[in-house]
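Thanks for coming. I will go through one structure today, starting with its sheets and ending at the surface.

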Amino acid sequence: LNVQSLRFLADNKQLRIVTDNTLLDISVPDRAITQQVLSCEGKELQNAVLNSDGTLIAVQTPSADHWLLVKISTRSVIGYYPLTTIGYGMKFSNNDGLLFDKGLNDIRVLDRDRSLDPQDTEITPLCFEDPNNQDDIGW
């Protein structure tokens with residue numbers, strides 16, 4: 001299990017964990033687990049990271065040519081950041097307003113509110129699969 005990011009949600013009764021291809025929500029009181037498989041073109045996502053309150057996830061697609069910012073509750077892409085070179089990791093600022101993308105020899109600063117409009121961009125489709133009923137939901 002390669003944990004890429006984890007956060008306690010606001011009520012501190014749930015732990016959200018992101019692995020290579022899975023989003024796990026664990027109820028702390030009863031240890032119940034909800035699992036959703038994250039994939040893009042059938043491949044694992046890369047460098048997935050949660051924001052400070054666990055409501056957003058930034059993911060780099062397998063082609064490594066862009067980052068997507070996704071609101072987990074609605075499964076909607078709210079930010080699109082093309083890359084000219086491969087990103088090696090993402091970090092949110094303390095207030096979640098900026099995203100820091102580590103390049104090979106630099107750090108790129110991405111403004112959460114100044115992404116390209118996902119509606120105007122051809123986005124590589126992501127899937128959010130519920131392994132319990134095997135329904136794929138595309139982002």
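Before the first hairpin, one term: two strands count as paired if DSSP finds at least two bridges between them. Also keep in mind that this is a predicted model.

By that criterion, strand β7, residues 66-71, and strand β8, residues 76-82, are paired, with six bridges in the antiparallel sense. One position to locate on the screen is Lys71, which stands opposite Ser76 in β8. The two strands β7 and β8 make a hairpin, and four residues lie between them. Within that turn, Arg75 has a positive phi of about 55 degrees.

Now the other neighbour of this hairpin. Strand β6, residues 56-60, runs antiparallel to β7 and is joined to it by five bridges. Here Ile57 is the residue opposite Val70 in β7. How much of β7 is covered? Five of the six residues in β7 are buried, so the strand is mostly covered, where buried means under 20% relative accessible area.

Putting these strands together gives an open sheet of four, in the order β5-β6-β7-β8, with antiparallel pairing. Its edge strands are β5, residues 46-50, and β8, and each of them pairs on one side only. From one strand to the next, the twist averages 15 degrees.

Next, the other sheet I want to show. This open sheet has three strands in the order β9-β10-β11, and the pairing is again antiparallel. Which strands stand at its edges? They are β9, residues 90-92, and β11, residues 107-111; each has a single partner strand, so one side of each is left without a neighbour in the sheet. Neighbouring strands here are turned by 25 degrees against each other on average, with direction ignored.

Within this sheet, strand β10, residues 98-102, is joined to β11 by five bridges, and the two run antiparallel. One residue pair deserves a stop. Asp101 has Arg108 in β11 as its bridge partner. The side chains of Asp101 and Arg108 also form a salt bridge, with the closest N and O atoms 2.7 Å apart. Both Asp101 and Arg108 are buried.

That brings me to charged pairs in general. How many salt bridges does a search of the whole structure find? The search finds two. Besides the pair just described, the side chains of Asp25 and Arg16 meet in a salt bridge, at 2.7 Å from N to O. Are Asp25 and Arg16 buried or exposed? Both of them are buried.

Last, the surface. Leu1, Val3 and Leu6 form a nonpolar patch there, and together they have about 320 Å² of accessible area. Of these, Leu6 lies in strand β1, residues 5-8. Why is Leu6 called partly exposed? Its relative accessible area is 41%, and partly exposed covers what falls between under 20%, which is buried, and over 50%, which is exposed.

To recap the sheets: one is ordered β5-β6-β7-β8, and the other β9-β10-β11. I will take questions now.

How values were computed:
Residues are numbered from 1 along each chain as its sequence is written. This is a predicted model: local features need pLDDT of at least 70, side-chain atom pairs count only at pLDDT 80 or more; totals for chains, interfaces and linings use all residues. Side-chain values use heavy atoms; hydrogens and water are left out. A salt bridge is a side-chain nitrogen of Lys or Arg within 4 Å of a carboxyl oxygen of Asp or Glu. Buried means under 20% relative accessible area, exposed over 50%, partly exposed in between (1.4 Å probe, protein chains only). Patches are made of residues with over 30% relative accessible area and no salt bridge: like charges are joined within 9 Å, nonpolar side chains (Val, Leu, Ile, Met, Phe, Trp, Tyr) within 5 Å. Accessible areas come from the Shrake-Rupley method with a 1.4 Å probe; for residues, only the protein chains shown count as cover. Axes are lines fitted to C-alpha atoms, for helices over the stretch in contact, and angles run from 0 to 180 degrees between N-to-C directions.
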